[in-house]
Amino acid sequence: AIDKEALINQLFGGVPQEGVWLLPWELGYDPSLKPAYPYDLEMAQQLMEEAGLAEGFDMPVYYATFPEWATDLADYLTSALQAININIELMGLSTFPEFMGTVAGMHKGEVEPAVVMFDFGWPGNPEPVINLTNGFYMEKGNTLYDNPEVYDLVNQALATLDDDARGELVSQAYVIINEDLPFVPICLEVATT
């Protein structure tokens, strides 16, 4: 139900690209991985009906109100999901400690489970494992994704100095993540200098 191309054009001026986890120049990039969930409103409505949810449901969403475009993105996603009767309750978190504390609270069962909208990337970072540890490494405590196979690959990549070997480990991790699809990727970040 999310028209990612329209979102990229309207909110980000068409600059970032829809992609799969990494940019082509980043270590571990796998050109065989394709973006998930093409925009198809009819299919989204059909899937809601098949799930017995045609009348919709309410869904709390925590999101960081930083950077400056985050609230616009949250509003856009709220509107897109309303088209299939998913009613978003936005809960903005204004500081990084508040955001991370909320995620940690979900880990501990102290905060009701909810969807979390976040930006896990760090474009242009020379460390190829940083996006994996930020977005998909529960042992670091800042994600809700839980896959020990990915953790093992991340640990190996962190302990490996050879770029070719690290790239292969990063690529293997993203193949698993792309199959699990723990969240809906919207677009890839753009590194600026």
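Author: Before we start, one definition: a residue is buried under 20% relative accessible area, exposed over 50%, and partly exposed in between. Also keep in mind that this is a predicted model.

Reader: Okay, take Trp-21 then: does it count as buried or exposed?

Author: Trp-21 has a relative accessibility of 4%. The cut-off for buried is under 20%. Since 4% falls under that cut-off, Trp-21 counts as buried.

Reader: How are the rings of Trp-21 and Phe-136 arranged as a pair?

Author: The structure holds eight aromatic pairs, and Trp-21 with Phe-136 is one of them. Their ring centres are 5.5 Å apart and their planes stand at 90°. Planes over 60 degrees apart count as edge-to-face. The angle of 90° is over that limit, so the pair is edge-to-face.

Reader: And how many residues apart are Trp-21 and Phe-136 along the chain?

Author: Trp-21 sits in the loop between helix H1 (4–12) and helix H2 (41–50). Phe-136 is in the loop between helix H5 (130–135) and helix H6 (148–158). The pair links distant parts of the chain, and the separation is 115 residues.

Reader: Which kind of pair do Phe-136 and Phe-183 form?

Author: Phe-136 is buried at a relative accessible area of 0%. Its ring and that of Phe-183 are 5.4 Å apart, centre to centre, with 5° between the planes. Planes under 30 degrees apart count as stacked, and 5° is under that, so this pair is stacked.

Reader: Where is Phe-183 in the chain?

Author: Phe-183 counts as buried, at 19% relative accessibility. This pair also links distant parts of the chain, with Phe-136 and Phe-183 47 residues apart. The place of Phe-183 is the segment after helix H7 (163–180).

Reader: Which residues do the ring pairs link into a cluster?

Author: We've met three members already: Trp-21, Phe-136 and Phe-183 are in the cluster. Tyr-145 and Tyr-174 belong to it as well. The full cluster linked by ring pairs is Trp-21, Phe-136, Tyr-145, Tyr-174 and Phe-183.

Reader: What about empty space: what volume does the largest cavity have?

Author: Rolling a probe the size of a water molecule over the atoms shows where empty space is left. The structure holds one cavity of 30 Å³ or more. The largest cavity has a volume of about 40 Å³.

Reader: How many residues in the lining of that largest cavity are nonpolar?

Author: The lining consists of Val-20, Trp-21, Leu-22, Gly-28, Tyr-29, Asp-30, Leu-33 and Tyr-174. Asp counts as charged, and Gly as polar, while Val, Trp, Leu and Tyr count as nonpolar. That division comes out as one charged, one polar and, for nonpolar, six.

Reader: On to the strands: in which sense do S1 and S2 pair?

Author: Strand S1 covers residues 57–64, and strand S2 covers residues 86–93. Ala-64 has Leu-93 in S2 as its bridge partner, and Pro-60 has Glu-89. The two strands pair over eight bridges, and the sense is parallel.

Reader: Which helix does the chain go through as it crosses from S1 to S2?

Author: This connection is a β-α-β crossover, and it is right-handed. The chain leaves S1, passes through a helix of residues 70–82 and reaches S2. That helix is H3.

Reader: Which residue in S3 does Tyr-63 stand opposite?

Author: Strand S3 covers residues 115–117, and it runs parallel to S1. Three bridges join S1 and S3. Opposite Tyr-63 in S3 is Met-117.

Reader: What is phi of Asn-85 near?

Author: Asn-85 lies in the loop between H3 and S2. Its relative accessibility is 32%, so Asn-85 counts as partly exposed. Phi here is positive, in a residue other than glycine, and it is near 65°.

Reader: Is Leu-181 buried or exposed?

Author: Leu-181 lies in the segment after H7. Its phi is near 45°, again a positive value in a residue other than glycine. The relative accessibility of Leu-181 is 16%, so Leu-181 counts as buried.

Reader: Last one: how many Å apart in space are Leu-144 and Ala-104, C-alpha to C-alpha?

Author: Leu-144 is in the loop between H5 and H6, and it is partly exposed, with a relative accessible area of 38%. In sequence, Leu-144 and Ala-104 are 40 residues apart. In space, C-alpha to C-alpha, the separation is 8.9 Å.

Methods. Residues are numbered from 1 along each chain as its sequence is written. This is a predicted model: local features need pLDDT of at least 70, side-chain atom pairs count only at pLDDT 80 or more; totals for chains, interfaces and linings use all residues. Side-chain values use heavy atoms; hydrogens and water are left out. Rings of Phe, Tyr and Trp (its six-membered ring) pair if their centres lie within 6.5 Å; planes under 30 degrees apart count as stacked, over 60 as edge-to-face and the rest as tilted. Helices (H or I, at least four residues) and strands (E, at least two) are DSSP runs, numbered from the N terminus. Buried means under 20% relative accessible area, exposed over 50%, partly exposed in between (1.4 Å probe, protein chains only). On a 1 Å grid over the protein atoms alone, a cavity is a set of points where a 1.4 Å probe fits but cannot get out, and a pocket is an open set with protein on both sides within 12 Å along at least five of seven lines; lining residues have an atom within 4 Å of a point. Grid points are joined across faces, edges and corners, and a volume is the space filled by probe spheres set on the points. Two strands pair if DSSP finds at least two bridges between them. A crossover is right-handed if, with the strands pointing away from the viewer, the path from the first strand over the helix to the second runs clockwise.
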